[in-house]
Amino acid sequence: MDAYATDTFDVARLVPGFRPPPRPGPGLDDAQLAAADARMRHWREPTDGPLVPGSDRHADATCRMFRDTFNPYRPAVLDWPVLEPAVRDRIVALPIWDIAVQTEGKARLRMAAYAGTLHEPGMRDALALNAWEEQRHKDVLARMVAAYGIDLAPEPVQQPPRDPEWAYLVTGYSECIDSFFAFGLFALARRSGLFPPALVDTFEPVMQEECRHILLFANWAAWHRARLPFLRRLRFEAKVAAVWAFLAWERIGLARAIDADGGARAQDNNFTLHGAQSVADGGADVRDLIALCLAENDRRFAGYDERLLRPRTVPRLARLMLRLATLLGRRR
Ligand SMILES: [Fe+2]
Ligand SMILES: [Fe+2]
């Protein structure tokens with residue numbers, strides 16, 4: 001079996017010298033857990049002055065934010081609440097588990113592969129830690145799947161990417177899209193009462209971690225592009241445009257495949273488009289859902305230093321969609 005396929009994955013094999021965070025002791029009490037949770041959500045660079053993208057100060061602040069907001073929870077000690085049979089069945093039937101586990105597997109591999117190409121030690125460590133956290137997400141999901149008896153399809157073997165920068169960009173921008181919608185769907189799931197609050201709470205740190213990940217990605221991208229000489233910068237911008245085109249094509253293709261299937265419950269990489277029906281009774285109005293995603297996106301980023309850049313493209317597109325939907329709604 002390929003060493004990268006499942007649980008034998010080790011970030012340090014792709015990022016020599018990477019040391020995983022120390023394992024916290026077994027008995028973190030409630031106060032320590034609450035303090036770690038608060039630390040994960042709030043961070044400010046202690047010195048004043050601008051953080052100019054591309055500057056060493058910007059890189060230092062970005063990397064320190066990522067390190068200081070690390071949450072030491074251990075998947076092994078997460079509580080999986082006992083569920084009513086109907087609730088368990090609904091969760092088992094969600095068409096997302098295969099794709100969720102595989103996406104985390106791909107993300108850890110791609111992030112580690114790209115981190116291994118970096119020479120700047122701060123960014124290299126931050127991206128390697130991000131890969132390690134994706135590994136932890138995969139572990140969380142594996143434990144949940146085992147706890148509730150969810151059957152997974154065999155996982156395809158993942159190979160390290162031939163172009164680590166392309167793969168990292170695809171993963172980073174995918175996370176920007178998926179996290180934006182996941183924030184709203186997660187809030188909808190909490191509100192709808194269809195899922196027990198204890199289960200929603202178990203996933204809350206994972207959701208906030210994705211916010212940290214895309215905050216790191218947005219600042220890495222700004223730092224990286226600002227430091228490139230003119231011709232390499234042009235090449236990079238062309239690559240970014242190609243990544244967005246690829247992601248749009250991938251999502252439109254998947255949406256078509258699902259629709260052609262009559263909405264079959266195939267494992268769904270476009271869960272964000274179909275998920276509202278699954279997490280709320282009777283689905284949700286598209287305008288309400290977009291507005292909720294925007295509000296949740298703002299709320300999750302609010303605790304981090306405002307001088308760090310936020311992912312902008314997806315919220316901008318969402319605001320545009322909201323305006324168009326409102327306009328069309330008025331005309332009708
Ligand atoms: Fe993840
Ligand atoms: Fe992530």
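Let me start with a cut-off: buried means under 20% relative accessible area, exposed means over 50%, and partly exposed is in between. We will need that throughout. Keep in mind that this is a predicted model.

First, the two irons. The iron ion (ligand 1) and the iron ion (ligand 2) sit 3.4 Å apart. E134 coordinates both.

Take ligand 1. Which residues coordinate this iron ion? E104 does, and is listed with two OE donors. E134 and E210 each bring an OE, and H137 brings its ND1. The distances run from 2.1 to 2.7 Å. Along the sequence, the donor residues are spaced E-x29-E-x2-H-x72-E. Look at E104 and H137 here. E104 is in helix α5, residues 97–115, and H137 is in helix α6, residues 121–148. They are 33 residues apart, so this pair links distant parts of the chain.

Are these two buried or exposed? E104 has 12% relative accessibility, so E104 counts as buried. H137 is buried as well, with a relative accessible area of 1%.

A word on helix α5, which carries E104. α5 has 19 residues. From first C-alpha to last, α5 reaches 27 Å, close to the 27 Å expected at 1.5 Å a residue. Why is α5 called largely enclosed by the rest of the structure? Because 14 of its 19 residues are buried.

Now ligand 2. The protein donors of this iron ion are E134 (OE), E175 (OE), E175 (OE), E210 (OE) and H213 (ND1). They lie 2.0 to 2.7 Å from the ion. The spacing along the chain is E-x40-E-x34-E-x2-H. Again a pair links distant parts of the chain. E175 is in helix α7, residues 164–192. H213 is in helix α8, residues 197–227. The two are 38 residues apart. E175 is buried, and so is H213.

Last, the surface. Which residues form a nonpolar patch there? F230, L231 and L234 do. Together they have about 370 Å² of accessible area. L234 is found in helix α9, residues 230–260. Back to the opening cut-off. L234 has a relative accessible area of 46%, so L234 is partly exposed.

To recap. Two irons lie 3.4 Å apart, with E134 coordinating both. E104 and H137 link α5 and α6 at ligand 1. E175 and H213 link α7 and α8 at ligand 2. And F230, L231 and L234 make up a nonpolar surface patch.

Note on methods
Residues are numbered from 1 along each chain as its sequence is written. Chains are lettered from A and ligands numbered from 1 in the order in which they are written. This is a predicted model: local features need pLDDT of at least 70, side-chain atom pairs count only at pLDDT 80 or more; totals for chains, interfaces and linings use all residues. Side-chain values use heavy atoms; hydrogens and water are left out. Patches are made of residues with over 30% relative accessible area and no salt bridge: like charges are joined within 9 Å, nonpolar side chains (Val, Leu, Ile, Met, Phe, Trp, Tyr) within 5 Å. Accessible areas come from the Shrake-Rupley method with a 1.4 Å probe; for residues, only the protein chains shown count as cover. A salt bridge is a side-chain nitrogen of Lys or Arg within 4 Å of a carboxyl oxygen of Asp or Glu. Helices (H or I, at least four residues) and strands (E, at least two) are DSSP runs, numbered from the N terminus. Buried means under 20% relative accessible area, exposed over 50%, partly exposed in between (1.4 Å probe, protein chains only). Donors are N, O and S atoms within 2.8 Å of the metal (3.2 Å for Na, K and Ca); water is not among the atoms, so sites may look incomplete. The expected span of a helix is 1.5 Å times one less than its number of residues.
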